[in-house]
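Open the model in a viewer and keep the selection panel at hand. The stops below go from one pair of residues outward to a sheet, a helix and a stretch of DNA.

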There are 2 protein chains.
Amino acid sequence: MAMPLDRSLISGLPAFAGLAAGDLDGILAAARSSRFAKDSEIFAQATEAESFFLLLSGHIRVVRTTPDGEQVIARYINEGELFGIAVAMGQKNYPATAVAAVDCVVLCWPNAAWPGLQSQFPAFGANAYQTIGSRLQDTQARVVEMSTQQVEQRIASAVLRLIQQSGRKTEGGVEIDFPITRQDIAEMTGSTLHTVSRLMSAWEEEGIVRSGRQKVTVTNPHALMLVAENRRRK
Amino acid sequence: MAMPLDRSLISGLPAFAGLAAGDLDGILAAARSSRFAKDSEIFAQATEAESFFLLLSGHIRVVRTTPDGEQVIARYINEGELFGIAVAMGQKNYPATAVAAVDCVVLCWPNAAWPGLQSQFPAFGANAYQTIGSRLQDTQARVVEMSTQQVEQRIASAVLRLIQQSGRKTEGGVEIDFPITRQDIAEMTGSTLHTVSRLMSAWEEEGIVRSGRQKVTVTNPHALMLVAENRRRK
DNA sequence: CGTGCGTTTGATGCATATCAAACTCTGTGG
DNA sequence: CCACAGAGTTTGATATGCATCAAACGCACG
């Protein structure tokens, strides 16, 4: 794209908080933007990391595939977040695959630009490191969850996180604002689509959620919190 | 401690690779060293992070405790590793508790020294970030493991990791060189001490390990790898 | 020599995976 | 515009891995 990117694209993002207008222009000068159609791969696990990314719009699913083909969803990326920042962790290859959950627009920098950006705009680097740090915390919290809680609580927690981070208010509830299947939720929680389906049906009976094909709406977040904490009276 | 620390303490450590002798002195000038007796806490989960650390000798167990008192071992820290580096992740509090698994000696820097060290010795900062990055990868790999493998494979993988990272060669095998209980291994793998005990007894029958009170020796690492990959003929 | 912590082993139960099959959208092509 | 195909979902029946409950054992240390 020959057209220079406008700084208003990123000026409001937390990743760029505290940077001057001129700094933003400098950072954008090294970037280019691209579109990715729904279900296309932005990068693939184990391939050489050549770029790092920022999601401008859409939602991205980050997936790890095991040697025998099982998939685990590491996380969803929301608008405004950095992803694929292997370069900041000193990793040569991408540790996972990134797939567009809907049509997406991303900013993309060549890894070669990282050292310069990092030293020239320390606040930018610090934000990236903070992103990595909070992902480490999230991931460790997930290990604790998988070690100590049972499936129903884990699924409830996962759905709550999804609506907190990617929720869209509608009449009668908060909806996950990208298409998500029972299988996806199973891959986020170490469970199976059958179990997810059964539990969601039960929650629907209780008036906690409403759900359909690739769609989940939480109608009673408080009740779902009680489920997550295993405090609901059955 | 009034006595200046000698740079030979850290010159051989990977965390300080590529730093000049003068740099090492500068880094050490901001540090002090302390001893921690076996089973004492170096820092506690959720308390304000005031310092970051480097383990000079011994072994440290990093533990997360849930609201209802269950414990999960996040990792073991080996000699030469940084730990408690909340400051590098922009976290105000320690996310876990660090306990000396044996008597330990650690270097300790006040968090206030971080920005200066980071900017003055970029290689030092880069090493810290790489440490965080590889811990994120490890933790994500653990999530995948917990999602896709069953207990026997997870325990076998955990024991293999322990002997790779903290193994000591003895006659007849490689031994984990700090005291570790069945309960500890259970807390690393999301299992119970009963299950760990049963499996280790079975492995001992098969001549894969020898184990006793707070002690595990792997006599046949290859066979244990087969167990970890679920390839052993039963 | 006793006391307690770590370990072993057996019996039982349950949460959740697995196997199986039918059902229902939703988008597509004739 | 309708019919079909395929993907996603639901629901039932069965199986099983591992936790839980329970008790005894043995070594190490005071």
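Select Val209 and Val218 of chain A: Val209(A) stands opposite Val218(A), which belongs to β12(A). Bear in mind while looking that this is a predicted model.

Extend the selection to both strands. β12 of chain A covers residues 215-218, and 4 bridges join β12(A) to β11(A) in an antiparallel arrangement.

Next, show the whole sheet. This open sheet of chain A has 4 strands in the order β9-β10-β12-β11, and the pairing is antiparallel. Its edges are β9 (167-170) and β11 (209-212) of chain A, each pairing on one side only. Ignoring direction, neighbouring strands are turned by 25 degrees against each other on average.

Now add residues 151-166 of chain A, which form helix α4. Helix α4(A) packs on the sheet and touches β9, β10 (173-176) and β12 of chain A. Compare the directions of α4(A) and β10(A): the angle is about 90 degrees.

Move on to DNA strand D and the 20 residues around it. Which of them come nearest? They are Thr181(A), Ser201(A), Gln150(B), Ser191(B) and Thr195(B).

Colour the helices here. At least two residues of the surface near DNA strand D come from each of α5 (182-189) and α6 (193-205) of chain A, and from each of α4 (151-166) and α6 (193-205) of chain B. The largest share, 6 residues, is supplied by α6(A).

Finally, colour this surface by residue class: 12 residues are polar, 5 charged and 3 nonpolar.

Terms used: Residues are numbered from 1 along each chain as its sequence is written. Chains are lettered from A and ligands numbered from 1 in the order in which they are written. This is a predicted model: local features need pLDDT of at least 70, side-chain atom pairs count only at pLDDT 80 or more; totals for chains, interfaces and linings use all residues. Two strands pair if DSSP finds at least two bridges between them. Axes are lines fitted to C-alpha atoms, for helices over the stretch in contact, and angles run from 0 to 180 degrees between N-to-C directions. Two residues are in contact if their C-beta atoms, placed from the backbone, lie within 7 Å. A residue is near a molecule or strand if its C-beta atom, placed from the backbone, lies within 6 Å of it. Ala, Val, Leu, Ile, Met, Phe, Trp, Tyr, Cys and Pro count as nonpolar, Asp, Glu, Lys and Arg as charged, and the others, Gly among them, as polar.
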